[in-house]
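Q: Could you take a close look at one part of this model for me, the open sheet, and say how it sits in the chain as a whole?

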Amino acid sequence: MLYRTILPSLLILTFACAAQTPDVIYYNGRIVTMSGSQPQAQAVSIKGNHFLLVGSDAEIRKTAGAATRQVDLRGRTVLPGLEDSHTHPITSALSEQDGPIPVMNSIAEIQAHIRKLAEITPADRLIFVPKIYSTRLVDRRYPSRYEIDQAAPGRLAMTDNGYASVLNSTVLKKLNITRDTPQPADGKIIKDAKGEPTGLILGAPKLLASARQSRQATYEDRIRGLKKMQKSYNAVGITSTIDRGQTAEGFRVYRELRDKNELTVRSYVTYMVDAKGTTQQLRDEIARIPWVTGFGDEWFRVGSLKTVADGGILIGTAFLREPYGMNTKIYGYDDPDYRGVLAVPRENLIEMAKQANKLGWQMTAHTTGGGAIDALLDAYEATDRERSIRDRRFTVTHGNFPNAQAIARAKKLGVVFDCQPSWHHFDGPALKDVFGPARTAHFLPFRSMLDAGIVVAGGSDHMIRFDSRKAINPYNPFFGMWMAITRKTADGATLHPEQGVTRLEALRMWTLNGAYLSFEEKVKGSIEPGKLADMVVISKDFLNCPVDEIKDIEALTTIVDGKVVFGGT
Ligand SMILES: [Zn+2]
């Protein structure tokens, strides 16, 4: 479908391009183009910031002029520049501004890290350990307040992941949270059999707001952070990304770097709205934003409007279709009827979809559980009845549990998905414990989604840490593609391998499908004449190497806009 519509214009471009002398020719390679008409090639030429011609060594090299630089790829594989459809580059960069955060797989390792922080943190300052998920700890539970007390007696210390926090006794005292504190409307204070708070608090953002911020980042921190993170993305072959949540200040950071020509990753930036107040407040908030989807250029473009409709499967706040069941202890509570949290009222999701549709915004919402996906699709259907959203690429972000019905509804509405395959690797083992094998069949069912004709883009949801494979979540695109293909979990098992995708489908998730989410599949996402010259030379033969080697592939040279931004030549 896509190729049928863009092929005529590409043919015209090919004739126009043929007469030009290339600046550079890359030859003697295995070029995986992702083009329907010419899937593989040996050579590609570039003029300025566009691909000029793609073909055999002989065809392309004969077009060289006296000033054309020629680069021998020595048989290496070249892919289109990769796109991560879900990152948080600024917060990720700031996460390690006070020093590296180690990988912590157990409560003992968290305690050891807190002990170290206690030595270097001023006595009156909070010791803050971010992104601790019980599902990713060997203990399969959160630490208790007492275990944190042990590591830093008398100090202010807490772990946090944005949805579930564990406060030690000193922080509980400072916030005046006791056995008598009433349950907050937006969360839950977990208490032990004697009624004492265990330290674990689910949700309750207002209660925790004053505790959370250890150091306020400045505008300059954000500028520095974004530049640094984009360089790290380039180092793994990423040339485009969708930033999945910015405020007005974040947009100013992108604008400044765009104006100075200092962006090295093309960025489609999502604007966050709260959507938890009244529908009138929501309308006012959206009306105040002075842009709309599509404003900008191929370096920095205004993306979709987003809200956060539920929690997460890592933390037991994903809003499900039916109760979690009997095995919720891992999340820190015991309640067989619990279904999770729909954080945004249904009428607000509908109002947001209507406003987005009316004003020209693309819309998305963080929806992890099946119940939340269904509520979002209800909202999309409601506005579609008034005015079609078929071509608007309204999006489901995360979409962990789309069942057959949700997939069919999404297809009918032209709804696209932004999914995170590597979650499956880290959370699969715990999810099996909570849900059992039958219910995990609907966890990221890529095969069913692609077979239904849904466009699924691959993303990481990178939130902290610079290291591409140790980050939460790993933003190494080869790790993500390997997971989408193999569905191997951290415990060495494979969870529903029948839902795996082919190598080319995985690559499409990280190239053309990402471009599709930002309405840019005609200008990037494949190596074709006339498209933006974004590509990556990699260390292994992506299409033919043993499948488990895919996760270890390294980027050797990354080219964005015709320029080398990482590696040699
Ligand atoms: Zn995210």
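**A close look at the open sheet**

A: Sure. First, this is a predicted model, where local features need pLDDT of at least 70 and side-chain atom pairs count only at pLDDT 80 or more, while totals for chains, interfaces and linings use all residues. Residues are numbered from 1 along each chain as its sequence is written, and side-chain values use heavy atoms, with hydrogens and water left out.

Now the sheet. Six strands make up this open sheet, in the order 3-2-7-21-22-23, and the pairing is mixed. Strands here are DSSP runs of E with at least two residues, and helices are runs of H or I with at least four, numbered from the N terminus; two strands pair if DSSP finds at least two bridges between them. Strand 3 (40-41) and strand 23 (563-566) are the edges: each has a single partner strand, so one side of each has no neighbour in the sheet. Further in, strand 2 (residues 30-32) runs parallel to strand 7 (residues 77-80), and two bridges link the pair. Isoleucine 31 faces valine 78 of strand 7 there.

Stepping back, the chain has 18 helices and 23 strands. Its radius of gyration, taken over C-alpha atoms, is 24 Å. The globule rule (2.2 Å times the number of residues to the power 0.38) gives 25 Å for 569 residues, so the chain is as compact as a globular protein of that length. The C-alpha trace spans about 80 × 55 × 45 Å along its principal axes. As for contacts (heavy atoms within 4.5 Å), of those between residues at least 6 apart in sequence, 71% join residues at least 24 apart.
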